[in-house]
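Student: I'd like to get from the numbers to the words we use for a model like this one. Could you show me?

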Amino acid sequence: MAAQENDDHKYVYDFSEGNKDLKDLLGGKGANLAEMTNLGLPVPPGFTITTEACQAYLATGREPDGLAEQIEAHLRALESEMGKRLGDPRDPLLVSVRSGAKFSMPGMMETVLNVGLNDQSVVGLAAQAGQNDRFAWDSYRRLIQMFGKTVCEVPGEEFEHALDEVKSAKGTHNDLDLDADDLRGLVDAYKKIFAKHTGREFPQQPREQLDLAIRAVFESWNAERAVLYRRQERIPADLGTAVNVVTMVFGNLGPDSGTGVAFTRDPGSGAQGIYGDYLANAQGEDVVAGIRNTVPLQELERLDKSSYDELLSIMARLEEHYRDLCDIEFTIERGKLWMLQTRVGKRTAAAAFVIAGQLVDEGLIDEDEALHRVNGAQLAQLMFPRFQLDHEFEAVATGIGASPGAASGKVVFTSARAVELAAEGESVILVRRETNPDDLNGMIAAKGILTSRGGKTSHAAVVARGMGKTCVSGADAIDVNVPAKRFTVAGRTVNEGDVVSIDGTTGKVYLGEVPVMPSEVVQYFEGSLDGEHVDNPLVRAVHRVMTHADGKRRLAVRTNADTGADAARARRFGAEGIGLCRTEHMFLGERRELVERLILARAEGERDEALAALLPLQRADFEEIFREMDGLPVTVRLIDPPLHEFLPPLEQLAVNVAVAQERGEDVAKEEALLAAVRRMHEENPMLGLRGVRLGLVIPGLFAMQVRAIAEAAVAVVRGGGKACPEIMVPLVGAVQELETVRAEAEKIITEVVGDSGVEVLIGTMIEVPRAALTAGQIAEAAEFFSFGTNDLTQMGWGFSRDDVEGAFFWRYLELGIFGISPFESIDRDGVGRLVRIAAEEGRAARPGLKLGVCGEHGGDPDSVHFFHSVGLDYVSCSPFRVPVARLEAGRAAVETDGSDSR
Ligand code: PEP
Ligand code: MG
């Protein structure tokens, strides 16, 4: 169909002019309608008004120059193709006006059907439909209703109410019992409602209806629910929507008509086969509204074999063309099949893996492409335990899956009660309307958090994700009454102490305790399921994708572990070394007292005694880890405790001393301790005496650790094992700090290692901005750098790690100041820039300098891609994140290879 453009800028595309790659311009729906048209599939003819036209309209409040003329030209072309005119009284062309943005925003924007109907053309439509007056008047009343509601903001309930009145006068609940006269009467009633609310008659000019409907779709981009949805899904606010003007086809013309939706594979499990629903004698919105029950798509074979066969062959064709699971919407008008929509369908995490594997088997995609079809976030989801759901359990509410996992526990409504019950060993679920920073203790104590308000960036959601705690937010069916200690949902009352279960992935809330199933994917990583031979399609698919990712990735993946048990688990998960062993974690429990003595010691003798007691303990710690890692590199970080974590709390101590003094007890020792703690007290311990600073202030502390590391390595090697230690100095900001530590360490290492063959590298963390900016100097004294992106983020942004996420990040996220917490995913522009500078300048000063990252970002999918692009050698993350990092490192490698087969 040819259309004359009246303006230089093209705002309107016929379906035959677009294609699936033009989603930015034509929206997802428009681009795919064009693609299907070009494939020769039966798509009702139509055209798409671009997102650019919408952007221009939203920016200026009026249609851009030339748009009206281009619409006119395309409409004329459409009319001549269909041999009908829009709204022709005898034989009208009718169109639907449908929104369609680049990213699917289901139900968020507007659609108007049956545009072109008026008091005259309704008669023509009846004739066209075989003197079917009932159908024509039903279509007309639907137009007034939809148009009134979406274009002119007439309250929808008024139309509903009028419809109910006609039905009750007739003594029925079913729309289908209304005859043509009833519906004609309803049209009159609807027109009156329209006039009452708008102060004008329902527009009879078809072109005016069309223009107003298009404008309403543009405006619906900024409707409140659309804005909220975009914020939730992180869809940019300036994309705008395209508008599709499509020739109407009718599924409600009798028993040989109908409408349905289908998937080319099961989007839940990925299983092959046709999945879908069909509703005879109905229009699309009847399916959505659930007015009548649909039947499984397979029924269509019996009802209309030739349409069914055609549909199946189209679905196979679409899969082959898109090389992916597609979902479709279709209508059958008197035995003629029409395709109304297709797109690459959404699917669960499990289905994503299974389908990627199937498509490789079917030769539709290669293994590199399969890597693109899955991601680390999906893999992480599959590693959480899941609820074992059978029909006994029905969700009573669904909120937003804000932080994944499955948690059951007794309901509590206050933070204090959560802490109390948790201390008694109970599992609790903290239920609030919304949480705030005062709830932090309760959130820590709870197994899970449930709120009735708030989205994915609410306080509850952000903080829970940070803690790795299950959270469902915004379950608005729940009515929380904190003073009465109960909530109501679906007519049930749940009191404090009753058990509920929440699923942080699906957002579902259940009453009672739902049993939890371990993840098969974790069982596979743990080695208890054989990925090649197991009779479980998901595990086989994960195995296959992971094997390919491992073959492709350039980044090594290490783990952060400080015990033999963690090290062993991480190795099973595929870790290729330890990137961070935090030695301060080895000083908790009974050993804490030794460190306290060491820190507070005023006399050399006291200090040496404490160090001598610590040495063998540390040696044993390191031996265990070296043995577990069996020759893989182990980066041991010298102690980096913020002091306040090791000293007794000042206030508590002061109270104890005062009370004891009051009682006349001998408190000389406690007083000395109190004086010492006062002396060492810091306002900002995270910026205080920690890391290398502590090592330089307390003589012998680092030396003891270096000796323990070297002795442990020698012991393992002499015992026939392998050990590959790397000593890492924390919190270095100036090369002189590192040089001082290095000089002492080298002496000890030379003395201990002797001729054992053990080699010990010495390197540093880059976690203070100054270190990043002077990396060229620091590299002179370091054999490796490991980026401590937690502290680098803290000091780069000036955000206290311990406080800000609970204090105000939810607000920053809400305002869009950042899309995700910079502690979760690397801030590429700022902190990432520091990493890049340090990597480049470090390597320039010392070619071959080994580079890694051991902050939390090492296990974050997006950050892994960044570290790959910067050219690091490895990422290091918690054991559970190791598979995620392996997968994402593989995906990053395939992307940069340019071997994307799409
Ligand atoms: C870091 O700062 O990123 C880091 C790994 O060290 P820690 O978290 O122990 O301060
Ligand atoms: Mg740090």
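Tutor: Let's start at the ligand: a polar backbone atom of Asn-790 sits 2.7 Å from an oxygen atom of ligand 1.

Student: What makes the backbone atom of Asn-790 a polar contact of ligand 1?

Tutor: A polar contact is a pair of N or O atoms within 3.5 Å (within protein, one must be able to donate a hydrogen and the other to accept it, and residues adjacent in sequence count only if both atoms are side-chain atoms). At 2.7 Å, the Asn-790 pair is within the limit, so the name fits. Thr-789 also places a backbone N or O atom 3.0 Å from an oxygen atom of the ligand, and Arg-582 brings in a polar side-chain atom at 2.7 Å from a ligand oxygen.

Student: Hang on, what are we looking at, and how is it numbered?

Tutor: It's a predicted model, where local features need pLDDT of at least 70 and side-chain atom pairs pLDDT 80 or more, totals for chains, interfaces and linings use all residues, and side-chain values use heavy atoms, without hydrogens and water. Residues are numbered from 1 along each chain as its sequence is written, while chains are lettered from A and ligands numbered from 1 in the order written.

Student: How many residues surround ligand 1, and which are the closest?

Tutor: There are 13, with Arg-582, Arg-637, Gly-788, Asn-790 and Arg-801 the closest. To be near, a residue needs a heavy atom within 4 Å of the ligand.

Student: Why are H13 and H20 called roughly perpendicular?

Tutor: Helices here are DSSP runs (H or I, at least four residues), numbered from the N terminus. The axes of H13 (residues 349–361) and H20 (residues 537–552) come within 8 Å and cross at roughly 70 degrees. Axes are lines fitted to C-alpha atoms over the stretch in contact, and angles run from 0 to 180 degrees between N-to-C directions. Under 35 degrees is roughly parallel, over 145 roughly antiparallel, 65 to 115 roughly perpendicular, and the rest oblique. H13 and H20 are therefore roughly perpendicular.

Student: Why is H3 oblique to H8, then?

Tutor: H3 (residues 67–82) and H8 (residues 206–220) pack at about 120 degrees, with axes 12 Å apart. That value belongs to "the rest", so H3 is oblique to H8. The crossing of H3 and H8 is right-handed, meaning that the near helix is turned clockwise from the far one by less than a right angle (anticlockwise would be left-handed).

Student: What makes H23 oblique to H27?

Tutor: H23 (residues 604–629) and H27 pack at about 40 degrees, axes 8 Å apart. Again no named range covers the angle, so H23 counts as oblique to H27. This crossing is right-handed. By class, the contact of H23 with H27 has 13 nonpolar, 2 polar and 5 charged residues. Nonpolar means Ala, Val, Leu, Ile, Met, Phe, Trp, Tyr, Cys and Pro; charged means Asp, Glu, Lys and Arg; the others, Gly among them, are polar.

Student: How do you know that Glu-711 makes a polar contact with Arg-619?

Tutor: Their side chains are joined by a pair at 2.3 Å. Glu-711 lies in H27, residues 701–718. Setting aside neighbours within four places in sequence, Glu-711 is in contact (heavy atoms within 4.5 Å) with Leu-615, Arg-619 and Val-752.

Student: Which residues is Arg-678 in contact with?

Tutor: Arg-678, in H25 (residues 668–680), touches Leu-650 and Ala-654, leaving out neighbours within four places. Its C-alpha atom is 10.0 Å from that of Pro-649, 29 residues away along the chain.

How values were computed. Helix = DSSP H or I, 4+ residues; strand = E, 2+ residues; numbered from the N terminus.
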